[in-house]
Amino acid sequence: MTTRANELTALVTGATAGLGAEFARQLAESGHHLVLVARDEARLRATAEVLERDFSISAEVLPADLTSDVGVAAVADRLRDASRPVDVLVNNAGIGLLKSFEQNDVEDEKRHLRLHVQTPMELCHAALGGMLARRTGRIVNVASVAAFANRGSYSAAKAWQVSFSRWANTAYAGNGVKVTAVCPGFTHTEFHDRMGMDKSVAPRFLWLQAERVVREGLEDNAKGKGVSIPTKRYKAITAFMRFLPAKLTSGPPRLPAK
C-alpha cells in the first residue's frame with residue numbers, strides 16, 4: 001500500500017512525458033499535490049486533469065520554456081513563494097543532441113548547457129531558501145549514467161549534476177534537505193525518439209522501464225543518498241567504468257542514456 005503524503009507539494013519540470021510524467025504520477029500516487037512545468041500548455045492541462053482525476057490531488061500547470069530567462073524566472077518565483085511552499089523539486093527537463101559536438105550548432109549547445117546545468121542550478125537555489133527555513137525538503141536532479149563516461153557535452157553536463165547533487169546533499173543534510181542525482185541508463189521514454197536516435201545501438205538488456213527508475217530514485221532520495229543508480233546491472237557498469245581509461249569510455253558522443 002502506498003503511504004499518503006501529508007499535504008505536500010512537488011514541482012516537476014518536463015512533466016508531460018518520459019521520466020517527468022512518471023515522477024509526477026508516482027508523487028501524485030503518494031498524495032503529493034503537483035506543480036507541473038513544461039512548454040506545451042495544452043499537454044500540461046491534459047496531464048493535470050488525468051492526475052487530479054486518478055489520485056484526488058490538485059495539479060497546477062506552469063507553462064515555461066526552461067531554456068529562456070523568462071521561463072526560468074517564472075518557475076523560480078513559484079519556488080520562492082512562501083505562501084505556497086514546494087516540498088519536493090524534480091529537475092527533470094532535458095534534451096539530447098544527436099550529432100557530435102563539433103557538428104552541432106553552437107546555439108543548440110548553449111541551449112543544451114542551459115537546460116542541463118544553469119536551469120537546475122537556478123531552480124535549486126530558488127527552492128533551497130524555503131526548504132532550509134522549514135528545515136525539510138527534497139530535490140531530485142535527473143542526471144544519467146553518461147555522467148560516468150566521456151561522451152561530449154551531454155556527459156559533461158550530467159557530471160556537473162552528479163557532482164553538485166553529491167555536494168548539496170552533504171551540505172544541507174543537517175538542515176533536513178535531501179538532494180539526489182538520479183542516474184538512469186537507457187530508459188524507454190520519448191527522449192530518444194525526439195532526438196531521432198536509433199535505439200538498436202543499445203542491446204535490449206540495457207533498456208529500463210521508467211517506473212523502476214523513478215521508484216528507485218525516489219526511494220534513494222528519501223533515504224538521503226546523494227546519487228541513485230537504478231538496477232544492479234547499471235551499478236556494476238558504472239563501478240567498472242570508473243576504472244577504465246578515458247579513451248575506452250569516449251565513444252561516439254551521441255548516445256545520451258536518459
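**Salt bridges, sheet and helices**

Q: The side chain of Lys 110 meets a partner in a salt bridge (3.4 Å, N to O); which residue is that partner?
A: This is a predicted model, so let's see what its atoms show. The two residues sit 3 apart in helix 4, which puts about one helical turn between them. Lys 110 is partly exposed, with a relative accessible area of 49%, and the residue it meets is partly exposed too, at 38%. The partner in that salt bridge is Glu 107.

Q: Which residues do salt bridges with shared partners join into one network?
A: The structure holds 15 salt bridges. Some of them share partners, and that sharing links residues into one network. Its members are Glu 60, Arg 78, Asp 81 and Arg 84.

Q: What separates Arg 25 and Glu 29 along helix 1?
A: These two form a salt bridge, with their closest N and O atoms 3.4 Å apart. Arg 25 is partly exposed at 27% relative accessibility, and Glu 29 is partly exposed at 29%. They are 4 residues apart in helix 1, so what separates them is about one helical turn.

Q: Is Arg 53 buried or exposed?
A: Arg 53 shares a salt bridge with Asp 54, at 3.0 Å from N to O. Asp 54 has a relative accessible area of 43%, so it is partly exposed. Exposed means over 50%. Arg 53 comes out at 60%, so it counts as exposed.

Q: In what order do the 7 strands of the open sheet run?
A: The pairing in this sheet is parallel. At its edges are strand 3 (59-63) and strand 7 (227-228), each of which pairs on one side only. Reading across the open sheet, the order is 3-2-1-4-5-6-7.

Q: What is the bridge partner of Leu 34 in strand 3?
A: Strand 2 (residues 33-38) and strand 3 run parallel and are joined by 5 bridges. In strand 3, the residue bridged to Leu 34 is Ala 59.

Q: Which residue in strand 2 stands opposite Leu 11?
A: Strand 1 pairs with strand 2 in the parallel sense, over 5 bridges. Look across from Leu 11 into strand 2 and you find Val 35.

Q: How many of the 5 residues of strand 1 are buried?
A: Thr 9, Leu 11 and Thr 13 point one way from the strand, while Ala 10 and Val 12 point the other way. Both sets are buried. Strand 1 is therefore largely enclosed by the rest of the structure, and its buried count is 5 of 5.

Q: Which residues is Thr 9 in contact with, leaving aside its neighbours within four places in sequence?
A: Thr 9 has its place in strand 1. With a relative accessible area of 14%, it is buried. Setting those sequence neighbours aside, its contacts are His 33, Val 35, Pro 85, Val 86, Asp 87 and Val 88.

Q: How far apart in space are Ala 17 and Ala 38, C-alpha to C-alpha?
A: Ala 17 lies in the loop between strand 1 and helix 1, and at 13% relative accessibility it counts as buried. Along the sequence, Ala 17 and Ala 38 are 21 residues apart. In space, their C-alpha atoms are 9.3 Å apart.

Q: At about what angle to strand 1 does helix 1 (residues 18-29) run?
A: Helix 1 lies across strand 1 (9-13), strand 2, strand 4 (88-91) and strand 5 (137-142). Its angle to strand 1 is about 170°.

Q: Which strands does helix 4 lie across?
A: Helix 4 runs at about 175° to one of them, strand 4. The full set is strand 1, strand 4, strand 5 and strand 6 (177-182).

Q: How do helix 4 and helix 5 run relative to each other?
A: Two packed helices are described by the angle and the distance between their axes. Here, the axes of helix 4 (residues 106-134) and helix 5 (residues 152-172) come within 9 Å and cross at roughly 10°. Angles under 35 degrees count as roughly parallel. Helix 4 and helix 5 are therefore roughly parallel.

Q: How do the residues of the contact of helix 4 with helix 5 divide into nonpolar, polar and charged?
A: On the helix 4 side, the contact includes His 112, Met 121 and Leu 128. On the helix 5 side, Tyr 154, Trp 160 and Phe 164 are among them. The residues of this contact divide into 11 nonpolar, 4 polar and 2 charged.

How values were computed. Residues numbered from 1 in each chain as written. Predicted model: local features only at pLDDT ≥ 70, side-chain atom pairs only at ≥ 80, totals over all residues. Heavy atoms only, no water. Axes fitted to C-alpha atoms, helices over the stretch in contact; angles between N-to-C directions. Parallel < 35°, antiparallel > 145°, perpendicular 65-115°, else oblique. Contact = heavy atoms within 4.5 Å. Nonpolar A, V, L, I, M, F, W, Y, C, P; charged D, E, K, R; others polar. Pairing = 2+ DSSP bridges. Salt bridge = Lys/Arg side-chain N within 4 Å of Asp/Glu carboxyl O. Buried < 20%, exposed > 50% of the residue type's maximum accessible area, 1.4 Å probe, protein only.
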